[in-house]
Amino acid sequence: MKITLLFFLSIAMTTMAQCPEAKLQVKRLPSLHVPRAGHAVFVSNGELTVAGGHTSGFVPTATAEYYSNGEWHLVNTTYTHDQGLCVPMSDGCVLIAGGHERELGIGQTFTVEMYHPDTHTFEGFGCLDKKRCFASGIEIDSGRVVVSGNWYTDDGIEMFYGSRQLVALHPVAQQRSKPYMLRTTNDNVIIFSTSDERGDTIDNIIVDRIKGEPFTVPLFSTWRPKYMHLPPHSEDCCIGNGRYLISVEDSTGQLAIASVQDEDFQLLPTTCPVPMESHGQRINYYSAVVADSSAHRAYIVGCDADIRLYVLSINYENNPASLILYCSEPQSPMGLGTPPVLTSDGQLALIGGTQGNNYVPSDAALLLCVGSTNATEQRTTADAGGQRSTTWLWIAGSLLLAASMGAGWLAIRKRKAKRVQQSEAVAPNEQTELMERLCQLMDQQQLYRNSNLKLQDVADMLHTNRTYINDCIKATRRQTLTQFVNAYRIEYAKQQLTNNPDKKMSAIAIEAGFTTDAWFFRTFKAVTGITPNEWRAQQTQ
């Protein structure tokens with residue numbers, strides 16, 4: 001009996017150690033007008049946009065480009081912002097600041113400007129409290145931005161209040177560059193990095209706060225934040241409800257995922273370890289985590305020596321989170337090192353970057369098709385494989401449990417089966433009544449405008465349980481809760497687009513309950529068949 005159980009356990013653990021793989025499709029967009037690296041990359045008003053950085057010869061460029069109607073459009077910036085910070089704002093504009101003072105990556109700057117996506121113009125309007133490079137920023141509420149991090153000079157924490165001059169808040173407990181900046185639920189911001197102001201490794205990582213004393217994280221004694229080539233777009237790794245995912249690594253270089261909420265750092269349980277090799281090559285994961293909250297997945301981008309591109313997909317709603325490794329064919333020369341951004345239709349964009357060194361930037365623009373129908377089909381197949389792997393572990397565990405607990409295990413199963421049977425016994429007339437109450441609640445209290453709305457919240461308001469709510473929506477509307485709530489959000493957005501033709505898209509998205517422009521644009525098109533811009537244009541004809 002022991003030999004049989006050990007046999008099943010060995011199969012389970014061997015299978016669990018394998019990460020499902022799927023083919024990554026790569027689409028090449030038209031080349032940029034200006035090869036660039038060290039630039040800002042973001043999506044604003046549904047458009048991919050790059051700004052600043054340096055071009056061939058390590059020379060800063062005061063240009064930007066936005067992608068519209070199948071081509072890149074070149075515009076001028078006020079300043080260069082080579083290795084500067086970039087903060088998309090809640091009103092749809094983008095704050096860009098700092099960077100190297102001159103060519104070859106020398107010095108730092110005070111410069112600050114704002115990008116206005118409606119007019120595709122840049123407005124230089126103020127300056128930082130400190131000259132900065134390799135800094136990060138994060139918006140904490142409408143119009144206020146916290147800034148920290150520096151390169152080869154003193155660091156500190158400062159605040160943008162919407163005025164011309166940023167104001168110093170207080171010194172930092174630890175000098176750092178390329179920091180993570182994460183918001184907490186008590187209106188605080190935590191700041192940390194794995195590298196100091198000269199790019200050297202920080203042995204004992206200290207976390208700063210804009211309010212309160214610095215602290216250390218026990219997890220960081222064995223799992224350190226992964227070093228990034230450029231400052232991470234901190235809000236890109238937010239998966240909702242004040243929770244973030246970051247990549248961490250141990251002393252052997254093994255990568256893992258950590259979940260951060262408020263000041264609690266924990267490893268995210270996964271169905272298998274993060275794969276570090278494929279096709280006989282070591283995978284270099286170089287990006288921070290990019291979350292797609294509408295798909296409940298997050299991604300990390302990497303490459304190998306043969307220029308195969310990899311995307312690690314993390315289905316964080318599963319417990320443990322399931323992983324899939326997407327792998328492309330070897331690519332022709334392209335840039336690497338720039339942070340990937342999530343497009344409005346759920347793809348990952350890689351634009352520009354270096355081809356070996358800072359003197360040879362790239363003009364390549366690629367889409368990694370993780371949000372396509374084909375990718376979804378592959379993901380479903382791989383998820384099924386991962387579920388089968390997990391099933392082996394449950395089989396082995398069940399056998400051990402049955403051998404050791406016997407009748408107790410059967411009693412637990414009987415009680416669970418009874419609860420399931422009771423939960424499914426919801427009469428059709430009760431479902432109709434529950435749906436009427438749910439719709440009334442949505443109409444009267446506009447719950448859908450809460451971007452953190454959870455199934456449990458709805459169940460508590462209706463004095464019932466999550467199973468009844470979920471089954472009711474599926475039975476009466478043939479939708480998930482997310483689809484049901486998003487339908488309300490889109491109706492609200494359509495009203496705003498019609499009644500307020502000058503209102504910014506980002507403001508409408510936030511008011512409707514969407515956390516990102518990308519989620520809003522993608523959901524709007526999925527529901528209506530057209531983009532928000534196309535809808536607004538139709539209403540004004």
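The following exchange concerns the fold of a predicted protein model.

Residues are numbered from 1 along each chain as its sequence is written. In this predicted model, local features need pLDDT of at least 70 and side-chain atom pairs pLDDT 80 or more, while totals for chains, interfaces and linings use all residues; side-chain values use heavy atoms, without hydrogens and water.

Trainee: What percentage of the residues of the protein count as buried?

Mentor: A residue is buried under 20% relative accessible area, exposed over 50% and partly exposed in between, with a 1.4 Å probe and protein chains only. The protein has 541 residues, and the buried share is 52%.

Trainee: Why do the buried residues of helix 10 lie on the same side of it?

Mentor: Helices are DSSP runs (H or I, at least four residues) and strands likewise (E, at least two), numbered from the N terminus. In helix 10, residues 532–540, the buried residues are Pro532, Trp535 and Arg536. They share one side because the arc they cover around the axis, taken from the directions from the helix axis to the C-beta atoms, is only 95°.

Trainee: Which helices do these buried residues pack against?

Mentor: Contact means heavy atoms within 4.5 Å. The buried residues of helix 10 pack against helix 7 (481–499), helix 8 (505–512) and helix 9 (517–528).

Trainee: Which strands stand at the edges of the sheet ordered 9-10-11-12?

Mentor: Two strands pair if DSSP finds at least two bridges between them. This open sheet of four strands has antiparallel pairing. Each edge strand has a single partner, so one side of it lacks a neighbour in the sheet; these are strand 9 (85–88) and strand 12 (121–132).

Trainee: Which residue of strand 11 stands opposite Ile96?

Mentor: Strand 10 (residues 94–97) and strand 11 (residues 109–116) run antiparallel, joined by four bridges. Opposite Ile96 in strand 11 stands Glu113.
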